[in-house]
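Colleague: Could you take a close look at one part of this model for me, the aromatic rings and what surrounds them? I'd like one connected walk through it.

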Amino acid sequence: MNQVSHVVTALSLFFLHNTVIGAEHAAMPDITSTCATFITESEGIREYKLSNGLQILILPKSDAVNATVNMVYRVGLKNETDNNIETAHTLEHLLVARSTALHPDWPEEIKKNNLRRVGNTAQDYTSYKTLVLSTEEKLNWLFAIEAERMSSFTYSNDDVSGVVAEVIDERDATERNAQKFLRHKALTLVAGKTEQTPGNSLTHISLNKLQKFWEEFYLPQRATLVVGSKLEAQLVMELVQKNFCNISKRVPLKSLDEPKISSTNFPYNQEIVKKRSKPILLLAYRTMGLSDQNFAAVPLLAHILQKSKLIPLNDQPEQKKSGQTKNVYFTGLLSNGILMIEPVMEYGEQKNLPVIKTSLLNTVEKINETPVNENELTLAKESLSRAYKKISADNEETAVKLTPYIATGNWQLFFKVRDDIQNFSILKTQENAVKILSPANRIFMQVSEKIDE
């Protein structure tokens, strides 16, 4: 999917897709002259708001060697226009992978500090997650980096040429991977976005366009800084104020066209024929968005469908295993979400595609005839409860999982969905299953192997 994720470590400098920069360690500010306001505390997470609008989330203190710092901007692929396709993605590469005025030798800084940094461009947000040694000095250094990238744009045309090449290579790699391509296409359809044209050279991307996009959206009032470390919350906030309080609350330029949301006609069907490709099926359904009161039905259904068995295909031995194993994924978006089901198939199983498709649809879309039972729901709730506990025990996982909810403007929705899952009745689960798993929400795509005559 065009929800793109990039990783940088000291060992992967030749594949730079992310960036970090530093600043000299300075004396602590007078915390009586603060620009931060305490907002609330929930689930051990303390929320603050700076006078420039920047939201701060301090995760519970952890003994982990590395601190997790995640800067989330509420801008993503949905904010791109037809004339600015891949702008958000390219800007992420630029901010993550290129040196800046204050840090002109970024690759050496990565190597010196043994950093791991991940950039992610999604439909509703762009995030920059960094793992850094959990010390006062390193956090101060990293905050200075994030502050510089939020407050100044000091890149060159050569920088843009480099990151455009990276984006094209990454996109081409996705198109060569049929499974990733189908997931990206399905998410694009659900989000109502214009699909990237294969082979587009991205000649429309320029330094000027990237700067305008940055000026429009990379504002403190559109950002959230998530921090998990072994430092006390008060000390973390002192470092935050020292680095971010001097950034002005900029007014967006409103110089960009409003993005157009297209309407996908459901059910949607597509077949792609490729040489030397194993057969691939993707059955996906549009779901409600993260803030919907019934979104908890989506993770419950994903678990139930993952554990359920497909209707037996037929009595032929060579078909008994075809498509019986499957992977089920879901992604929550601000407006809609998506539930994806992928039967696992192997090379040479081309002839089984029609019967597997029929079996899959009969299983999924006849859920009103074979409804969810109490045992399935109980097992799903227990499994998801364990998953949430595991996430909450790990600051890095918590920072990642909070991100799409931060994009909605309400990070506490993450915990609301957790609680809703446990409170969901069998009746509500079944009602939402019938609503979601309907041809009116269906996307069905397949990759067939091209057989030479």
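Modeller: Sure. Two rings of Phe, Tyr or Trp pair if their centres lie within 6.5 Å. With that in hand, Tyr 388, Tyr 405, Trp 411, Phe 414 and Phe 415 form one aromatic cluster. Keep in mind that this is a predicted model.

By the pairing rule the count comes to 13 aromatic pairs. One of them joins Phe 153 and Tyr 155, with 5.0 Å from centre to centre and 80° between the planes, an edge-to-face arrangement. Phe 153 and Tyr 155 are both buried. Phe 153 has another partner in Trp 214: the ring centres are 5.6 Å apart and the planes are at 50°, so this pair is tilted. That second pair links distant parts of the chain, since Phe 153 lies in the loop between α3 (136-151) and α4 (157-176) while Trp 214 belongs to helix α6 (residues 207-217), 61 residues apart. Trp 214 is buried too, just as Phe 153 is.

Now for the two helices on either side of that loop. For α3, 16 residues at 1.5 Å each should span 22 Å, and the end C-alpha atoms are indeed 22 Å apart. Twelve of its 16 residues are buried, so α3 is largely enclosed by the rest of the structure. Among the buried ones are Trp 141, Phe 143, Glu 146, Ala 147 and Met 150. Trp 141 also has a charge for company: the charged end of Lys 138 sits over its ring, 5.6 Å from the centre. On the other side of the loop, the 20 residues of α4 should span 28 Å, and its end C-alpha atoms are 29 Å apart, which agrees. The buried residues of α4 include Val 160, Val 163, Val 164, Val 167 and Ile 168, but also charged-type names such as Asp 159, Glu 166, Glu 170 and Arg 171.

Phe 143 takes us into the packing. The largest nonpolar core has 55 residues, and Phe 143 and Phe 244 are those with the most contacts inside it. Helix α3 gives the most to this core, with seven residues. Leaving aside residues up to four places away in sequence, Phe 244 touches Leu 50, Asn 52, Leu 54, Met 71, Phe 143, Glu 146, Ala 147, Met 150 and Leu 225. There is also a second, separate core of 53 residues, which includes Ala 122, Leu 290, Leu 361 and Ala 407.

Next along from Phe 244 comes a cysteine. Cys 35 and Cys 245 form a disulfide with their sulfur atoms 1.7 Å apart, and the count comes to one disulfide. This pair links distant parts of the chain as well: Cys 35 is in the loop between β1 (4-8) and β2 (36-42), Cys 245 in the loop between α7 (233-244) and β9 (268-274), 210 residues apart. The link is left-handed, with -70° about the S-S bond. Cys 35 has a relative accessible area of 15%, so it counts as buried.

One more ring has a charge over it: the charged end of Lys 357 sits over Phe 444, 4.6 Å from the ring centre.

As for the wider setting, the chain comes to 13 helices and 13 strands, and 55% of its 453 residues count as buried. Of the contacts with a separation of 6 or more, 82% are between residues 24 or more positions apart.

Definitions and conventions: Residues numbered from 1 in each chain as written. Predicted model: local features only at pLDDT ≥ 70, side-chain atom pairs only at ≥ 80, totals over all residues. Heavy atoms only, no water. Phe/Tyr/Trp six-rings, centres within 6.5 Å; stacked < 30°, edge-to-face > 60°. Buried < 20%, exposed > 50% of the residue type's maximum accessible area, 1.4 Å probe, protein only. Helix = DSSP H or I, 4+ residues; strand = E, 2+ residues; numbered from the N terminus. Lys NZ or Arg CZ within 6 Å of the ring centre and 35° of its normal. Disulfide = S-S within 2.5 Å. Expected span 1.5 Å × (residues − 1). Core = buried A, V, L, I, M, F, W, Y, C linked by side-chain atoms within 4.5 Å. Contact = heavy atoms within 4.5 Å.
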